[in-house]
2 protein chains.
Amino acid sequence: MPPMRLAILLGPDLKDALQTDPEGLHDALEEFHPEDIAEIVEDLELDLTLALFRALDEELAADVFERLPSELQTELFEHMSKDRAVELMQEMDPDDLADVVQELRDEDEQLATDLLTRLEAADPEVAEGVRELSAYDEDVAGGLMTTEYLEVGPETKVWQAIERVRRAAVEDGVETIYYLYVVYAQKLVGVVSLKDLILSDNALTLEELMTENVVSVRVTDDQELVAATIAKYDFNALPVVDEHGNMQGVVTVDDVVDVVIEEATEDAHKMGAVEALEEGYLETGVLQMFRSRVLWLSLLFVGGFLTATVMERFSGQLASAITLAVFVPLIISSGGNSGSQSASLIIRALAVGDVTPSDWSRVLGRELIVSVALGLVLGVLGFARAFFAGGPQDDPWLLGAAVSLSTVGVVLVGSLCGALLPLAIQRIGLDPAVSSTPFIASLVDVLGLLIYLTVASLILGLAA
Amino acid sequence: MPPMRLAILLGPDLKDALQTDPEGLHDALEEFHPEDIAEIVEDLELDLTLALFRALDEELAADVFERLPSELQTELFEHMSKDRAVELMQEMDPDDLADVVQELRDEDEQLATDLLTRLEAADPEVAEGVRELSAYDEDVAGGLMTTEYLEVGPETKVWQAIERVRRAAVEDGVETIYYLYVVYAQKLVGVVSLKDLILSDNALTLEELMTENVVSVRVTDDQELVAATIAKYDFNALPVVDEHGNMQGVVTVDDVVDVVIEEATEDAHKMGAVEALEEGYLETGVLQMFRSRVLWLSLLFVGGFLTATVMERFSGQLASAITLAVFVPLIISSGGNSGSQSASLIIRALAVGDVTPSDWSRVLGRELIVSVALGLVLGVLGFARAFFAGGPQDDPWLLGAAVSLSTVGVVLVGSLCGALLPLAIQRIGLDPAVSSTPFIASLVDVLGLLIYLTVASLILGLAA
């Protein structure tokens, strides 16, 4: 395992190695993946990290730096020479650099401005790229894309294009060289893969070779759409255009994998009524964790006051037949559970694009059938439990009927709320995942109580 | 939008085009992405689909065929000539072909055997690859990988390797040509990217050029680990080795994007107490949908009988102070909600590898602090609600104290169950996502009732 060998290498011997054999250390580190080096760097003392960065080639140093947590990036920038910092910035991928600069602005505005001014002087093109990319939100195509890609004219010959690939990879350090985008009058008109290029007759033009129907996304498209498009077509990279169809950048599949994981985590948290966390569970501070939970939990609790109000309304009936109260938790939880099931099915179906709000009538039809069937199964079980429950003053048949009929109603209402509420929330433009399982369950609690207490009072002939 | 133009093209005119201008149709289709053609094919009549497949080049036909639903693949195989079917099979990617064959075996064993025998005669190497890949489960690295990749010896010169890439792409149709894997005595010893290759001196050997610390996975590694590794290192492809380090195949990032989405959907469904579905929400039959929900819902309902049992035990206290019953739904839902929050945080943290079961003591410590703080906030709110609730016979201070103290206890117990149960379930080797939100909520219902009714009975001085 490379990480383990690297850990040993960078352990107690690192200080020695930096002093006695910086050359050897340099060569050894070149062999490792920047991600592995970044993981070790996170646990090093600051002075060792700075020494290590001095020992690395600029390109590898930049690759490692991009992968560090933003607080550490800021700390390193504060302690290394400004010249070295600007060198690193020039070597970074533009999309990563834009992210670093955005974070740096939040943490040390002064330093960010200073470094950007120096970068402007050293390399105006890179500085311009950062400014452009920083203009987009992090969660749209523009915020994900890189401006380093290969752009060629339609008249370019195959041999010229191959030469261009070589130059781009060597001189400009362009990472994504496996597709060439054919641009005419700024418009994206075609795409040629490096594979097609090296397999083709050198004298052909790219216009003759290119695929014209290029799938692309807009700079303002949400990252979920970007991920869905890449997943659908099995692309390694996806071009991004502006509203005029002008080529703006490229999103690569490795960034999309991160997006998909991040979105799934966000949705899972929202479905559990937790505000999305920026960091992992153990990295998030206790206070931050409290904040991410307290608002939703309090809102749900205050919303739950309605259940107490409903219970108060029926306190006469409850007092005259305490057996009625016995089944309150069972009935309302069955509504909450069926609602959670429907909600998790629909929220996920919305997230992956299987269902849209316009499908509401089909969803309604399916949930009606399925939930009545489910309600009947639970109703039979509930009848059996209630039949053997009451005291000597209760009629077991009536009590059984009251519990089983209410169960059918509550499961039906729970499923319909769970399925239709996320659709409605998406329809009005909000994220359906906020109609969390606890939110659905709390809503269904109130409705379930009303159904149960009304149905049971009628069947058992209880007056208020 | 290419799909729209394609839809028009393939509309009423398709039949005409197939008869009058098969050449032109063929050329037009070559311009489109196989995924777009596959989407249209799904809505076509069978005879048109068969005619269309005859009009396509073998390579494009195979690319489209791979993307069709398995029932349609079986139907097409049943209706096209055996020779054409074997031609298609030879053109498919080995990993996709293995999936197709596995599905075909389930649906038409006879046909599967017949086609494999013919494939064996036509191309023994491809048939061998299918047999090897079919041996692995779908959800491990071996089931995801393709056996078509570029393997070279360490002594190979750069110019020979480039020639090998050309040949592989043209003659063998190898898709993943952007990495060359250096293999010595069957062992994976290094990797060289196509980019490094075209930038290097032609006379170098790959041994001099290759990266030796190759990150790889085992054939038996779970697909979640494969996805996490690719995501971590931003790879486009990941080599797969057996237990001896022998090179077996390559997993590409486009397959991993599908895995990540599929796993997130499975987890979301499990967290909502639904059995994972094979197809999308609207594609799944109503009966199948019922089956995916009924078992969990019934189990939770029968488990919920315990709440009725607890209520029966306390029926004396409930009868003597009906105000006690009023707060039952509120208290138990606050436990369920805090449990859902913790569970969604921990289940997701386990899924992305942020937390392992051995972190249980840190998790316990954090949840203790956070949940007591949350419980105090809800306790204050609950006190206010209860203070103004009771009838003339109730002491508002005592009732408020009973509700607020129980709330603190229930939130604490809910959070601890929600956080620790998934860890315990993972520890004993099951999938933590099965400790779904409804499951946690139902467990906490029973515990919450016990806490509330005991605490309240003591504070209010109620005898059984």
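The exercises below work through the symmetry, the interface, the sheets and some buried positions of a predicted two-chain model.

Residues are numbered from 1 along each chain as its sequence is written, and chains are lettered from A, with ligands numbered from 1, in the order in which they are written. Because the model is predicted, local features need pLDDT of at least 70 and side-chain atom pairs count only at pLDDT 80 or more, while totals for chains, interfaces and linings use all residues.

**Exercise 1. Determine how chain A is related to chain B, and describe the side of chain A that touches chain B.**

Step 1. Superpose the copies by least squares on the C-alpha atoms of residues with pLDDT of at least 70 in both; chain A is then laid on chain B with an RMSD of 0.2 Å by a turn of 180 degrees and a shift of 0.0 Å along the axis. That is the relation of a two-fold axis, and the same surface serves both copies, since 100% of the contact residues of chain A recur in chain B.

Step 2. Count the contact residues, where two residues are in contact if their C-beta atoms, placed from the backbone, lie within 7 Å: chain A gives 103 residues and chain B gives 103 residues. Helix H21 (residues 328-351) of chain A gives the most to the side of chain A that touches chain B, with 17 residues; helices (H or I, at least four residues) and strands (E, at least two) are DSSP runs, numbered from the N terminus.

Step 3. Sort that side of chain A by residue class, which yields 62 nonpolar, 22 polar and 19 charged residues. Here Ala, Val, Leu, Ile, Met, Phe, Trp, Tyr, Cys and Pro count as nonpolar, Asp, Glu, Lys and Arg as charged, and the others, Gly among them, as polar.

**Exercise 2. Work out the strand order and pairing of the sheet that holds S4, S5 and S6 of chain B, and place helix H17 of chain B against it.**

Step 1. Two strands pair if DSSP finds at least two bridges between them, and the result is an open sheet of three strands in the order S4-S5-S6 (chain B), with mixed pairing. Strand S4 (217-218) and strand S6 (247-252) of chain B stand at the edges, each with a single partner strand, so one side of each is left without a neighbour in the sheet.

Step 2. Five bridges join strand S5 (residues 237-241) of chain B to S6(B), and the two run antiparallel; Ala237(B) has Thr252(B) as its bridge partner in S6(B). Helix H17 (residues 253-271) of chain B packs on the sheet, touching S5 and S6 of chain B, and its direction makes about 65 degrees with that of S6(B). Axes are lines fitted to C-alpha atoms, for helices over the stretch in contact, and angles run from 0 to 180 degrees between N-to-C directions.

**Exercise 3. Trace the pairing of S2(B) with S1 and S3 of chain B.**

Step 1. Three bridges join strand S1 (residues 150-152) to strand S2 (residues 179-184) of chain B in parallel, and Glu151(B) stands opposite Tyr181(B) in S2(B).

Step 2. Six bridges join S2(B) to strand S3 (residues 187-193) of chain B, antiparallel, with Val182(B) opposite Gly190(B). S2(B) and S3(B) form a hairpin with two residues between them, and Ala185(B) in the turn has a positive phi of about 50 degrees.

**Exercise 4. Is Gln248(B) buried or exposed, and which residues does Gln248(B) touch?**

Step 1. A residue is buried if 20 or more other C-beta atoms lie within 10 Å of its own, exposed if 12 or fewer, and partly exposed in between, with C-beta atoms placed from the backbone. Gln248(B) is buried, because 22 other C-beta atoms lie within 10 Å.

Step 2. Not counting residues up to four places away in sequence, Gln248(B) touches Met145(B), Val219(B), Val240(B), Val241(B) and Asp242(B).
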